[in-house]
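Hi everyone, thanks for coming. Let's take a few minutes to look at a structure together.

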Amino acid sequence: TKSLMATYSSLPPGQYSFKVRARNENRIWSSTENIAYNFEIKKPFWQEWWFYLAVLLISIISVGGFIKYRTQKLIADKQFLEKEVQNRTTEIRMQKNIIEHKSNEILSSITYAKRIQEAILPPVRLVKAALPNSFILYKPKDIVAGDFYWREPVDDLVIFAAADCTGHGV
């Protein structure tokens, strides 16, 4: 027996007319006219104009939403980084102030040591009185020198001393 079915797959959308003519077991065709069955195959929804429009709108909204999200995230990250820089700058300024304060304390202490050193060094006129053709070359590297000189009269003698207190020696 032959199949009494017909399969037509992958028909494109459109209007169709299916015509049937019958025949009996003796292979005699019916005398009546062909019977026609008219039908339409519609486009699938993804080929409709409204679907393309919906996909376009969804795409535009998605891209716009993504851009807005990234913009807001970048602004939030920028604000966070600016706040972090501000905090670090404040911290650095505080450390700078501490260092400046300590530096001023040290400088004051060294300046005070210089005043003490200048007070105990004998005046140049006393050295010139004992040694008229002499000179004193006293040039500290920074503010206070580790070198010093001394003059002391003892009876009819004058004792001179030159010393190095830095530990580097002369």
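Here is a question to start: is K114 buried, partly exposed or exposed? Before I answer, please keep in mind that this is a predicted model. The answer is that K114 is partly exposed, at a relative accessible area of 32%.

K114 also has a partner. Its side chain forms a salt bridge with that of E118, at 3.8 Å from N to O. E118 is partly exposed as well, with 47% relative accessible area. These two residues sit four apart in helix α1, so about one helical turn separates them.

How many salt bridges does a search of the whole structure find? The count is five, and I'd like to show you two others. Follow helix α1 to E84 and R88, whose side chains meet at 3.1 Å, N to O. Again the spacing is four residues, about one turn of the helix. E84 is partly exposed at 27%, and R88 is partly exposed at 48%.

Next, please find K78 and E82, also four residues apart in helix α1. Their salt bridge is 3.8 Å, N to O. Here K78 counts as exposed, with 52% relative accessibility, because the cut-off for exposed is over 50%. E82, at 46%, is partly exposed.

Now for something without charges. Helix α1 covers residues 49-120, and L57 is found in it. L57 is partly exposed, with a relative accessible area of 46%. This leucine belongs to a nonpolar surface patch of about 1000 Å², whose members include F45, W46, W49 and W50. Also in that patch are L53, L56, I60 and I61.

Thanks for listening!

Key. Residues are numbered from 1 along each chain as its sequence is written. This is a predicted model: local features need pLDDT of at least 70, side-chain atom pairs count only at pLDDT 80 or more; totals for chains, interfaces and linings use all residues. Side-chain values use heavy atoms; hydrogens and water are left out. Patches are made of residues with over 30% relative accessible area and no salt bridge: like charges are joined within 9 Å, nonpolar side chains (Val, Leu, Ile, Met, Phe, Trp, Tyr) within 5 Å. Accessible areas come from the Shrake-Rupley method with a 1.4 Å probe; for residues, only the protein chains shown count as cover. A salt bridge is a side-chain nitrogen of Lys or Arg within 4 Å of a carboxyl oxygen of Asp or Glu. Buried means under 20% relative accessible area, exposed over 50%, partly exposed in between (1.4 Å probe, protein chains only).
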